[in-house]
Each structure stands twice: as C-alpha cells, then as structure tokens.
2 protein chains.
Amino acid sequence: MSMRTITRAERAQLAMVLEVSAYPKPGNVDRCHDYETTRLEHFLASAILARPALEAAERGDTGPGFLIHQAVECTGGHRGGNTHFGAFILLIPLVMGGDIKGATKVADSTTLEDAVEFYKAFAKTEVRVIPGHELDVHDPASLIELRSRGMTLHDVMLYSAPRDLVAREWINGFQMTRRGADLIHAAGCGREAVVEAFLGLLALEPDTFIIKKHGPDVAWKIMEKAREVREGLRDLQAFDQECIERGINPGSIADIIIASIYLALGEGWEWDC
Amino acid sequence: MSMRTITRAERAQLAMVLEVSAYPKPGNVDRCHDYETTRLEHFLASAILARPALEAAERGDTGPGFLIHQAVECTGGHRGGNTHFGAFILLIPLVMGGDIKGATKVADSTTLEDAVEFYKAFAKTEVRVIPGHELDVHDPASLIELRSRGMTLHDVMLYSAPRDLVAREWINGFQMTRRGADLIHAAGCGREAVVEAFLGLLALEPDTFIIKKHGPDVAWKIMEKAREVREGLRDLQAFDQECIERGINPGSIADIIIASIYLALGEGWEWDC
C-alpha cells in the first residue's frame with residue numbers, strides 16, 4: 001500500500017506528532033518525559049485541534065497573523081500552557097506557501113493587521129518575553145505602538161530576530177528549518193532521524209527559549225554539550241536527564257524541528273521504516 | 001481558558017491519541033512500548049489521517065460500511081499494519097449518531113452495500129480471522145456469499161459477535177463501550193482514568209483479539225491476571241512486561257476503550273487535569 005497524498009495541513013499535523021513522540025530529545029517533552037504542567041497529551045491534543053487553522057492556511061483564507069491567531073484560539077483550551085505557538089509561527093507560512101520559497105513570499109508581504117492579530121495571539125499564550133527588550137504583548141500600549149509605527153508582521157519578526165530563533169527564520173529565509181530538514185534527510189528514514197536533527201540544531205546555535213528562561217550562559221553551555229553528544233563524548237540519555245531535571249527545554253529548536261519535519265515530509269522523507 | 005467546542009470528528013481523533021499515549025496498558029502499544037512493526041507513531045499518524053472519513057461520518061455523507069472503508073483507505077498508507085480498524089468499526093457509527101442511542105440507530109439500519117464495503121475494507125487490513133469460522137475476507141467467494149444471503153452489515157456483526165467483542169458492541173447496544181465510559185468517569189479526570197478503565201474492561205471479558213491469536217485459555221488467564229492487578233494482588237508494570245514479551249496484546253479492549261473515551265469526552269469527562 002502506498003501513502004495516499006496527504007494535504008499540507010495533515011503534513012503539518014503529522015510533523016507535530018512525530019516531533020513530540022521522538023525520543024530522547026534533551027530537555028523537551030517526548031514520549032518518555034513530561035513536565036508537570038505540560039505533558040505529552042497536551043502536544044498531541046494541540047496537533048489535532050490546530051486543524052481548522054492549518055486548513056484555512058492551506059486554502060489561503062486570510063493573512064498569516066490572523067491564521068496564527070486562529071491556531072492559538074483552536075488549541076488554547078487545554079491546561080498545558082503554550083505547546084505549539086512557535087511551531088505555528090513557522091507552519092502557518094509554510095502551509096500557506098507550500099515550501100520555503102512560498103513561505104518567504106508570505107513572510108515578505110504581511111500587513112499591520114497581521115502584526116496586530118499576531119500580538120493578540122501572543123497575549124493569549126504564556127510565552128515569556130524579555131522585559132524592556134520586546135514590545136510587551138500584555139500591555140495594551142504595545143498595540144498602539146504597533147499602529148503608530150505602522151509595523152507589519154514582518155517588521156515584528158525583524159524586531160524580534162536578534163533575540164528569537166523562530167522570528168529569525170522569517171527574516172533569513174527559514175535557514176535553520178532548511179538545515180534541520182537536510183539533517184533529517186541525511187539521517188535516513190524513521191524517527192531516529194528526528195532525534196539526530198534535533199541534536200544537530202541544538203549543537204548549532206544557543207536556543208533563544210533557553211536564553212529567555214535561564215540566560216545566555218546556560219544556553220551556550222547546552223549548545224556545547226549537544227556538540228559533545230554528537231562527537232560521542234557525552235551520553236545522550238544523561239544529557240537529557242540533566243536538562244529535564246534543571247527545567248532546561250530547548251523550545252525554539254523544537255519549534256524549528258517541527259517545521260523541518262514538515263519540509264522533509266514534503267520532499268519525500270519517510271517517517272515510517 | 002475554556003475548551004472550544006470540538007467537533008465529533010475531532011473528539012474521535014482525540015480519543016485515539018489519548019488511548020495510545022495512556023500508560024501502562026498491559027500488552028498494548030503505549031507511550032513507553034512499541035511492537036517491532038507497529039509503533040506509537042503509527043497510531044498517532046493513523047489518528048491524524050483518519051480525519052476525512054470521520055468528518056464524512058459527522059456529516060452523514062454515506063453509510064457506515066462505506067465510511068469504515070474510507071477510514072481504512074485514509075490510514076492504510078503506513079507500514080505498521082492494522083492500527084485502528086476495530087476502533088473505526090465503533091467510532092464511525094458513534095460519530096454518525098453522536099452517542100450510543102444514535103449509533104444504535106445507525107447500526108440497525110445498514111444495507112447489503114454496507115456489508116460489501118466493510119468486507120472490502122477488512123480485506124485491506126491485516127486483521128486475522130478464524131479459518132472455517134468466519135467468512136474469509138480474502139476470498140472473493142465471500143462477497144458472492146454475502147450477496148446471495150442478502151446480509152446487511154448488521155447481519156455481519158451478528159454473525160461475528162460470538163467471536164468478536166467489537167462486533168458484539170453493534171448488537172448489544174455498545175454495552176462495553178458504555179461500561180468503559182462509566183469506568184472513566186468513576187476514575188476521575190486525566191490519563192490515569194484511561195488506564196483504570198482499560199484494566200477494568202480487561203478484567204471483565206476475555207479479549208477476542210487475544211483468543212484469535214493465542215487461543216481462549218491465554219485470553220482467560222489474562223482476564224484473571226487483570227482482576228488480580230485490580231485487587232492489588234499483582235504488579236501492573238510486571239503484568240504489562242509479561243504481556244509485551246509474550247506478544248499478548250488486548251486489541252479488542254483497546255478498540256472499545258477508544259470508543260469509551262469518545263463517549264466520556266462528549267459527556268464532559270476532562271482529559272486534562
């Protein structure tokens with residue numbers, strides 16, 4: 001039996017469940033690890049409940065800011081806090097545009113209203129921002145500020161790019177997403193490839209989600225340890241355990257890996273072997 | 001934040017991912033156990049890929065035999081063998097009819113064409129039948145036989161009911177599904193309730209999937225051991241390990257538990273607490 005042609009929305013959902021079930025992913029929720037308030041089933045439910053927004057993205061119903069907001073609305077009912085906000089920031093333009101070329105076009109032609117919708121979505125998540133360094137999404141003045149500066153969603157991403165790996169993808173043509181997909185292809189079929197690619201990206205850049213939570217030194221150290229794991233100098237399971245115990249979860253890399261899986265699946269990568 | 005109203009199709013998908021991730025479920029694939037050829041991600045992918053058939057069921061596009069066939073077609077692309085065939089047999093009428101009352105109406109008004117479509121679907125799975133005791137779905141003569149007897153899908157289920165717990169649900173008003181949902185409600189919110197209900201049903205009846213694979217004595221023994229676990233006389237983890245090692249997977253109970261979760265969710269059970 002051959003795989004039926006799946007829609008882009010389904011491919012995005014598949015990417016979400018394949019990412020969260022891949023194991024071991026140092027510090028992140030996976031099939032063997034939960035955090036107390038954010039568990040495997042929150043991610044699985046979020047993947048299923050995101051469908052209407054992903055389908056609207058595939059149809060191109062509206063702009064990416066509106067669709068990211070819709071995805072947050074669709075999935076925001078559980079108690080697991082933020083699960084896929086960063087992933088939606090990448091998946092929505094990718095599903096709209098199909099691939100990186102199409103997603104870049106989407107990213108390059110956003111409006112002020114996309115930015116406003118994005119901020120409304122952001123305010124509904126529990127994602128942290130760096131005080132004083134970012135437009136505070138919980139402060140109504142931010143929306144006034146956005147409007148007075150006439151910022152598009154692309155401008156918002158440009159503004160956040162120095163401090164946020166996910167935003168940076170919008171600006172640089174989805175470079176880490178591309179790199180992650182290449183790592184997946186290079187690792188071969190099946191779920192081990194997801195772990196390989198995750199480690200590969202973790203060894204490449206300090207995770208900005210870790211920076212926001214634990215500061216740049218911790219993020220840098222984690223990157224170095226990921227390199228040691230890849231070089232066979234450090235045990236993967238022990239590294240995972242250390243990250244879990246210290247609450248160090250590379251959330252930005254996980255978001256990007258989801259986008260990488262989406263891309264790789266579209267390029268013929270076989271998740272099932 | 002309150003959960004948005006989810007569709008019946010989404011509720012069915014949610015039931016599928018909540019069932020497979022619940023742990024430990026003696027002998028079955030769960031978040032900590034795979035079988036070599038059927039793994040967690042096969043079940044997760046199947047839950048996502050079943051969507052078009054579940055949505056068609058919610059709209060009432062066509063009869064249950066056609067919709068079960070569609071669900072098998074939608075999800076049959078992976079290499080994990082049968083994942084949710086039994087679950088679809090229960091979910092399709094439940095999604096069509098909403099609840100047990102509606103599902104029973106659906107089950108009571110099937111046609112010969114539903115039976116034919118069901119057999120075509122069955123032939124595409126790798127589900128085993130008892131030679132000599134069942135219409136062999138891989139034998140084209142079975143379809144001629146069905147037609148000459150003028151059997152409806154309900155007749156097929158009646159014919160299979162003595163040897164198949166899932167078929168029996170169609171005949172007896174979804175009694176074990178109801179029982180499973182009651183066990184879920186009684187156990188309280190969250191994923192532990194799924195494990196409780198699974199053990200409860202396993203202690204109630206010998207699993208017919210185990211009977212087909214290992215014979216009635218093994219199935220009876222497993223039922224007795226499940227009772228001992230519930231009475232605190234046997235360790236759950238050790239029982240799980242024994243089942244996994246012997247390849248004893250209570251697949252029929254798992255199918256019914258999925259239907260029970262679907263039902264419980266519709267009755268306000270909270271998966272997330």
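Helix α1 of chain A and helix α2 of chain B pack at about 155 degrees, their axes 10 Å apart. Axes here are lines fitted to C-alpha atoms, over the stretch in contact for helices, and angles run from 0 to 180 degrees between N-to-C directions. This is a predicted model, where local features need pLDDT of at least 70, side-chain atom pairs count only at pLDDT 80 or more, and totals for chains, interfaces and linings use all residues. Residues are numbered from 1 along each chain as its sequence is written, while chains are lettered from A and ligands numbered from 1 in the order in which they are written.

**Across the chains: α1(A) and α2(B)**

- The pair is roughly antiparallel, going by a scheme that takes angles under 35 degrees as roughly parallel, over 145 as roughly antiparallel, 65 to 115 as roughly perpendicular and the rest as oblique.
- The crossing of α1(A) and α2(B) is right-handed; that word applies if the near helix is turned clockwise from the far one by less than a right angle, and left-handed if anticlockwise.
- On the α1(A) side, the contact uses A:Glu10, A:Gln13, A:Leu14, A:Val17, A:Leu18 and A:Ser21.
- Facing them from α2(B) are B:Leu40, B:Glu41, B:Leu44, B:Ala45, B:Ile48 and B:Leu49.
- By type, the residues of this contact split into 8 nonpolar, 2 polar and 2 charged (Ala, Val, Leu, Ile, Met, Phe, Trp, Tyr, Cys and Pro are nonpolar, Asp, Glu, Lys and Arg charged, and the others, Gly among them, polar).

**The whole interface**

- In total, 29 residues of chain B are in contact with 29 residues of chain A, contact being C-beta atoms, placed from the backbone, within 7 Å.
- On chain B, the elements giving two or more residues to that side are α1 (8-21) and α2 (40-49); helices (H or I, at least four residues) and strands (E, at least two) are DSSP runs, numbered from the N terminus.
- Chain B's side of the interface holds 14 nonpolar, 7 polar and 8 charged residues.
- The copies meet through the same surface, because 100% of the interface residues of chain B are also interface residues in chain A.

**Symmetry**

- A turn of 180 degrees and a shift of 0.0 Å along the axis lay chain B on chain A with an RMSD of 0.0 Å, so the two copies are related as by a two-fold rotation axis.
- Superposition is by least squares on the C-alpha atoms of residues with pLDDT of at least 70 in both copies.
- B:Arg31 comes closest to the rotation axis of the residues of chain B, at 2.7 Å (C-alpha).

**Inside chain A: α1 and α3**

- Helix α1 (8-21) and helix α3 (51-59) of chain A pack at about 135 degrees, with axes 8 Å apart, and are therefore oblique to each other.

Notes:
Contact = placed C-beta atoms within 7 Å.
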